[in-house]
Amino acid sequence: MGQGTVDAMTELVVPAIQKFEPEMMVLVAGQDSSANNTACSQYDPIGRQCLTMEGYEEIGRIVRSLADRHCSGCLLIVQEGGYHVTYSAFCLHATLEGVLNLPISLLSDPMAYYPEDEALAIEVIKSIKKFQKDNVPFLKGA
């Protein structure tokens, strides 16, 4: 799924959006973080996000919810990035399913059982939270 990325959305992005109160949300739908991005962490030692379709769908749901809550649903989706052409299409599809709040997925995920390293994600989220509290003006002391 890419639980670390979903955790980052809930722990970092959602609080920042709630504090910032945007008039419009922009979702840059790139699939660079997908599980099939050249076998993910094995060949991408920097990213290691390993997002599956389920993760992209959840991010779509989170962003839709934020847009509905904070900017009357004003949401722009921009497609970019993704190195594995076939799996990128699956991931974009899943993102849109999430944004549209579809009750069930219409496509099966060919990468659904790819293993992930959540320990790294937890450490990165902690580090970013500390940085935000110390350096981002509207998040200082949050």
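Okay, quick definition before we start: when I say "helix", I mean a DSSP run of H or I with at least four residues, and the helices are numbered from the N terminus. Keep in mind, too, that this is a predicted model.

So, how confident is the predictor? The protein averages a pLDDT of 81, and 77% of the residues score at least 70. Among the regions, helix 2 has the highest confidence, with a mean of 93, while helix 4, residues 118–135, has the lowest, at 85. Then there's the stretch at residues 41–45, where pLDDT drops below 50. Beyond near neighbours in sequence, that stretch has four contacts in the model. As a rule, where pLDDT is low, you shouldn't read the predicted coordinates in detail.

Let's go to the inside. The largest nonpolar core has 20 residues, and the ones touching the most other members are Met25, Ile59, Ile62, Val63 and Leu66. Helix 1 (3–20), strand 1 (25–30), helix 2 (53–70) and helix 3 (85–99) each supply at least two residues. Which of them gives the most? That's helix 2, with seven residues.

Have a look at Met25 for a second. If you skip its neighbours within four places in sequence, Met25 is in contact with Ile17, Val63, Leu66, Ala67, Cys71, Cys74, Leu75 and Leu76.

Now helix 2 itself. Does its length agree or disagree with what we'd expect? With 18 residues at 1.5 Å a residue, helix 2 should span 26 Å, because the expected span uses one less than the number of residues. The end C-alpha atoms are 26 Å apart, so that agrees. Plenty of helix 2 is buried, including Tyr56, Ile59, Ile62, Val63, Leu66 and Ala67. Glu57 and Arg64 are on the buried list as well. For background, an α-helix has 3.6 residues a turn, so residues three or four places apart point the same way.

Right after helix 2 comes Ser72, with a positive phi of about 50°. Why point that out? Because most residues other than glycine have a negative phi.

There are other cases to show you. Glu21 isn't a glycine, yet its phi is positive, about 55°. You'll find Glu21 in the loop between helix 1 and strand 1. Its relative accessibility is 57%, so Glu21 counts as exposed, the cut-off being over 50%. Asn101 also has a positive phi, near 55°, and sits in the loop between helix 3 and helix 4. At 42% relative accessibility, Asn101 counts as partly exposed.

That's my tour, thanks!

Notes: Residues numbered from 1 in each chain as written. Predicted model: local features only at pLDDT ≥ 70, side-chain atom pairs only at ≥ 80, totals over all residues. Heavy atoms only, no water. Core = buried A, V, L, I, M, F, W, Y, C linked by side-chain atoms within 4.5 Å. Buried < 20%, exposed > 50% of the residue type's maximum accessible area, 1.4 Å probe, protein only. Contact = heavy atoms within 4.5 Å. pLDDT = per-residue confidence, 0-100.
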